[in-house]
Amino acid sequence: MSDATVRPTPATSAAAPGLRLPRRIRTLAWWVFVTQVLIVATGGAVRLTGSGLGCDTWPKCTADSFVHNPAMGIHSYIEFGNRTLFFLLEVVAILALIALWKFRKARPDLFWLVVIPTLSIPIQAVLGGITVLTDLNPYVVGVHFLVSVVLVVLAALLVKRAYEPGGPRAVVVSAPLLQNTWIAAIAGMVTVVVGTLLTGSGPHAGDGGAARNGLDSAVVQTLHVAPAYATLIFTALVCFLAYQERAFSVQRFASWALVVMALQIMVGIAQARLALPPMLVGIHMVLACLLASALFLMLVETRQRVRVSVAS
């Protein structure tokens with residue numbers, strides 16, 4: 001008996017992990033990612049323009065109208081526009097699901113990465129409705145945002161996987177590099193969560209009468225900065241170790257994370273000095289999603305596709 005690498009034959013290539021996917025699947029993967037980021041940006045616009053209760057009920061805008069609340073003027077259109085965007089997300093996700101259907105056995109990783117947003121978008125819509133019905137409870141708003149961050153991260157993974165062959169993966173980096181990558185990723189996650197609490201204690205409630213979470217903004221800001229700088233330090237260390245080990249895919253995403261963090265730091269400092277202007281807060285929210293995506297892909301890249309061998 002000897003080991004032999006399994007190679008797909010023409011007869012089995014349709015189910016092979018190395019199958020080259022049609023370009024339309026990669027295009028749809030990008031659309032899933034772009035629309036997920038867009039919903040975060042428009043959700044931020046709703047909150048930062050004070051349009052959170054532009055539609056004061058759900059699923060209608062008011063008891064008498066689906067699209068307009070005369071008492072709220074432009075705010076009702078901003079809020080309803082954000083709601084409408086969920087339909088676009090659902091259409092894009094369903095189109096991606098249809099395109100991947102015949103490849104579901106060959107590429108289950110991609111298939112499930114499309115199933116998740118397809119199922120989660122209605123859940124997000126309901127969560128958005130709960131946000132309105134609870135008069136923009138800051139904790140519900142925070143959960144709504146964090147779910148969006150997770151969906152952006154998974155959409156980023158979908159895009160990456162759409163350009164790669166499938167198949168089993170295994171850890172291919174040293175223990176120190178793997179450990180530092182995990183620390184950086186966890187510190188980044190804590191930074192985003194605490195940042196969400198910080199926003200919930202600040203002035204941008206989404207509506208003038210909405211409640212705040214009651215936390216001391218100065219204290220929460222200190223708690224936000226500590227893991228942020230930990231993320232920066234450990235990501236830089238990951239970048240260095242990955243270069244030393246020639247783990248260039250890990251290094252690439254660590255480098256992207258460092259670029260996003262540099263932008264985040266500049267925006268964060270500007271926010272603090274300029275009394276939290278809405279535009280900068282919105283940019284900070286979008287950058288948080290991109291940072292989470294880069295850190296997650298950095299962690300994912302510690303595992304690489306391995307050859308499958310069978311006895312012959």
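Is A170 buried, partly exposed or exposed? A170 counts as partly exposed, because its relative accessible area is 29%, and a residue has to fall under 20% to be called buried or go over 50% to be called exposed. Keep in mind throughout that this is a predicted model.

## The overall layout

Let's start with the whole chain. The protein has eight helices and four strands. Reading from the N terminus, the order is β-α-α-α-α-β-α-α-α-α-β-β. Of the 312 residues, 46% are buried.

A170, the residue we opened with, belongs to strand β2, which covers residues 169-171. Its C-alpha atom is 5.6 Å from that of Q304, even though 134 residues separate the two along the chain.

## Salt bridges around E164

Now for the charged side chains. Side chains of opposite charge can pair when their charged atoms come close. This structure has five salt bridges, and there is a network of them that links K160, R161, E164, R169 and E301.

E164 is a good place to pick up the thread. Its side chain meets that of K160 in a salt bridge, at 2.1 Å from N to O. E164 also forms a salt bridge with R161, where the closest N and O atoms are 3.0 Å apart. Then there is R169, whose side chain meets that of E164 at 3.2 Å, N to O.

Charged or not, some of these residues are tucked away from the surface. E164 has a relative accessible area of 19%, so it counts as buried, the cut-off being under 20%. K160 is buried as well, with 9%. R161 is also classed as buried, because its relative accessibility is 9%. R161 sits in helix α4, and its C-alpha lies 6.8 Å from that of L110, a residue 51 positions away in sequence.

## Two cavities inside

What about empty space? Rolling a probe the size of a water molecule over the atoms shows where empty space is left. Here the count is two cavities of 30 Å³ or more.

The largest cavity has a volume of about 50 Å³. Its lining is made up of I25, L28, A29, A96, A99, L100, L110, V114, L158 and A162. Four helices give two or more residues each to that lining: α1 (23-48), α2 (74-100), α3 (108-133) and α4 (138-162). By class, the lining has 10 nonpolar residues, with no polar and no charged ones. L110, already mentioned for its C-alpha distance to R161, is one of the lining residues.

The second largest cavity holds about 30 Å³ of space. Around it are V32, Q36, L113, P117, L151, L154 and A155. Helices α1, α3 and α4 each supply at least two of these lining residues, and α4 gives the most, with three. This lining divides into six nonpolar residues, one polar and no charged.

## A nonpolar patch on the surface

Back to the outside. Y139, W182, I186, M189, V190, V193, L197 and L215 make up a nonpolar surface patch of about 700 Å². Which element gives the largest share of the patch? That would be helix α5 (residues 175-201), with six residues.

One of the patch residues is I186, which is found in helix α5. I186 counts as partly exposed because its relative accessibility is 42%, a value that falls between the under 20% of buried and the over 50% of exposed.

## An unusual backbone angle

One last spot to check is in the backbone. Most residues other than glycine have a negative phi, and most peptide bonds are trans. R246 goes the other way: its phi is near 60°, a positive value in a residue that isn't glycine.

Where does R246 sit? Look in the loop between α6 (217-245) and α7 (248-273). R246 is classed as exposed, because its relative accessibility of 62% is over the 50% cut-off.

Note on methods
Residues numbered from 1 in each chain as written. Predicted model: local features only at pLDDT ≥ 70, side-chain atom pairs only at ≥ 80, totals over all residues. Heavy atoms only, no water. Patch = residues over 30% accessible without salt bridge, like charges linked within 9 Å, V, L, I, M, F, W, Y side chains within 5 Å. Areas by Shrake-Rupley, 256 points an atom, 1.4 Å probe, with all protein chains shown as cover. Salt bridge = Lys/Arg side-chain N within 4 Å of Asp/Glu carboxyl O. Buried < 20%, exposed > 50% of the residue type's maximum accessible area, 1.4 Å probe, protein only. 1 Å grid on protein atoms, 1.4 Å probe; cavity = no way out; pocket = protein on both sides within 12 Å on 5 of 7 lines; lining within 4 Å. Points joined across faces, edges and corners; volume = space filled by probe spheres on them. Nonpolar A, V, L, I, M, F, W, Y, C, P; charged D, E, K, R; others polar.
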